[in-house]
Amino acid sequence: MDVEPAKSIYSIDISQQHILKNEKFLIKIYLQLKYIFPFTGTAYGSLDFPKLTFSRGVNLRAGNNKIALLSIAVGLPNVGPHFEMWNAGILGPVNLNGLNEGRRDLTWQKWTYKIGLEGEAMSLHSLSGSSSVEWIQGSLVAQKQPLTWFKTTFNAPAGNSPLALDMGSMGKGQIWLNGQSLGRYWPAYKSSGSCGSCDYTGTYNEKKCSSNCGEASQRWYHVPRSWLNPTGNLLVVFEEWGGDPNGIHLVRRDVDSVCVNINEWQPTLMNWQMQASGKVNKPLRPKAHLSCGPGQKISSVKFASFGTPEGECGSFQEGSCHAHHSYDAFQRTCVGQNFCTVTVAPEMFGGDPCPNVMKKLSVEVVCS
């Protein structure tokens, strides 16, 4: 794993004629942006509250000091009245507090501005660009260092199984594979809320059936096999917050089993389209879809229950209501196939095991 330091965008030189030595000062920046990544800290807004103030203590030395700010907008407004007039980026003012003179407004001092990073201009994500600079190697690679470029090379794993990068040890940034962008990553941003039992019956809202509370919304990032070379694949990562590149892993997805957990009247897009067009006058039954990986077939039915089953994939259990012919439809339709579809209806499982009770279907099949 190699590393190349990154360059910043907004910068200013500050003369320290009126600054006390060995004292900490406070820089205040008023922003209208989604993210800012100065070396002294990080702050980000949200879709609902994009405006924020970054305030952090800094150490200044005698002589000239340089402030460098990196502003990153993940998405720009492209809809609405006069959206081209909407503000984004660093709006100011930028104040330096704690001086003998009190507060100094740095907004009107001479700032330099540059679009993009030095590493982007040098195309460090490409094979030719990455070979044009000197990289630090081995144990000297920085960990938890913001605004840093990392690179490594690897050979393609054998087989046709889907591949992904596990970025759980990193903070926030972007990934390139052989010069092509795999996209942005942000596993350091953790989801919030409460995760309890899931029941989709009734009116839907965005907080219903929350899962993975306290975890990253995405940890694994798909690696297309068509982008890989047999040997010498170049992986480049630009880390904005600071992470441990030694924790990045290329993982392979092997499907051992697949599950379905579906209510008997769960709405589907086809159901809505058919009713909206007038082709049917009553809801259509949903269907359970099971599919193994490429080159695999469904070898057995590990669990099947139409009624009130409990548990999750891998630990399903029969509930107080169970159709005793639940296995039959899947044994007959799915075993020996790469994928199969079964309609979720009582007649498929030998009749209604408990009338006037809302039922669901839980199934787990083994792939080999």
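The side chain of Glu-239 comes within reach of a backbone atom, the nitrogen of Gly-171, at 3.3 Å. That contact is a good place to start a tour of this structure, which is a predicted model.

**Glu-239 and its surroundings**

Glu-239 belongs to strand β16, which covers residues 233–239. With a relative accessibility of 0%, Glu-239 counts as buried, because the cut-off for that class is under 20%. Setting aside residues up to four places away in sequence, the neighbours that Glu-239 touches are Gln-145, Pro-146, Leu-147, Thr-148, Phe-150, Met-170, Gly-171, Lys-172 and Tyr-185. Gly-171 thus appears in this list of touching residues as well as in the contact through its backbone nitrogen.

**Strand β16 and its partners**

What holds for Glu-239 holds for the strand around it: 7 of the 7 residues of β16 are buried, so the rest of the structure largely encloses this strand. In a regular strand, side chains point alternately to the two faces of the sheet. In β16, one side carries Asn-233, Leu-235, Val-237 and Glu-239, while the other carries Leu-234, Val-236 and Phe-238; all of these are buried, and both faces are covered.

Two strands that pair with β16 can be followed here. Strand β11 (residues 148–154) runs antiparallel to β16 and is joined to it by 7 bridges. Within that pairing, the residue standing opposite Glu-239 is Thr-148, which is also among the residues that Glu-239 touches. Strand β13 (residues 173–177) pairs with β16 over 5 bridges, again in the antiparallel sense. Here Gln-174 has Phe-238 of β16 as its bridge partner.

**Other residues worth a visit**

Ser-130 lies in helix α2, residues 127–130. Its side chain reaches the backbone oxygen of Leu-127 at 3.1 Å. Leaving out neighbours within four places in sequence, Ser-130 is in contact with Ser-123, Leu-124, Trp-135, Lys-151 and Leu-234. One of these, Leu-234, takes us back to β16, where Leu-234 is one of the buried residues.

Arg-184 sits in strand β14 (residues 180–185). The C-alpha atoms of Arg-184 and Tyr-221 are 9.2 Å apart, although 37 residues separate the two along the chain.

For a look at the surface, turn to Met-85, in the loop between β8 (71–72) and β9 (89–99). Together with Phe-83 and Trp-86, Met-85 forms a nonpolar patch on the surface, and the three have about 340 Å² of accessible area between them.

The table sets out how accessible these residues are.

| Residue | Relative accessibility | Class |
|---|---|---|
| Glu-239 | 0% | buried |
| Ser-130 | 2% | buried |
| Arg-184 | 38% | partly exposed |
| Met-85 | 61% | exposed |

**The protein as a whole**

Stepping back, the protein contains 4 helices and 22 strands. It has 368 residues, of which 39% count as buried. Among contacts with a separation of 6 or more, 74% are between residues 24 or more positions apart. The accessible surface amounts to about 21,300 Å², with 50% of it belonging to carbon and sulfur atoms.

Technical notes: Residues numbered from 1 in each chain as written. Predicted model: local features only at pLDDT ≥ 70, side-chain atom pairs only at ≥ 80, totals over all residues. Heavy atoms only, no water. Buried < 20%, exposed > 50% of the residue type's maximum accessible area, 1.4 Å probe, protein only. Polar contact = N/O pair within 3.5 Å; in protein donor to acceptor, adjacent residues only side chain to side chain. Contact = heavy atoms within 4.5 Å. Pairing = 2+ DSSP bridges. Patch = residues over 30% accessible without salt bridge, like charges linked within 9 Å, V, L, I, M, F, W, Y side chains within 5 Å. Areas by Shrake-Rupley, 256 points an atom, 1.4 Å probe, with all protein chains shown as cover. Salt bridge = Lys/Arg side-chain N within 4 Å of Asp/Glu carboxyl O.
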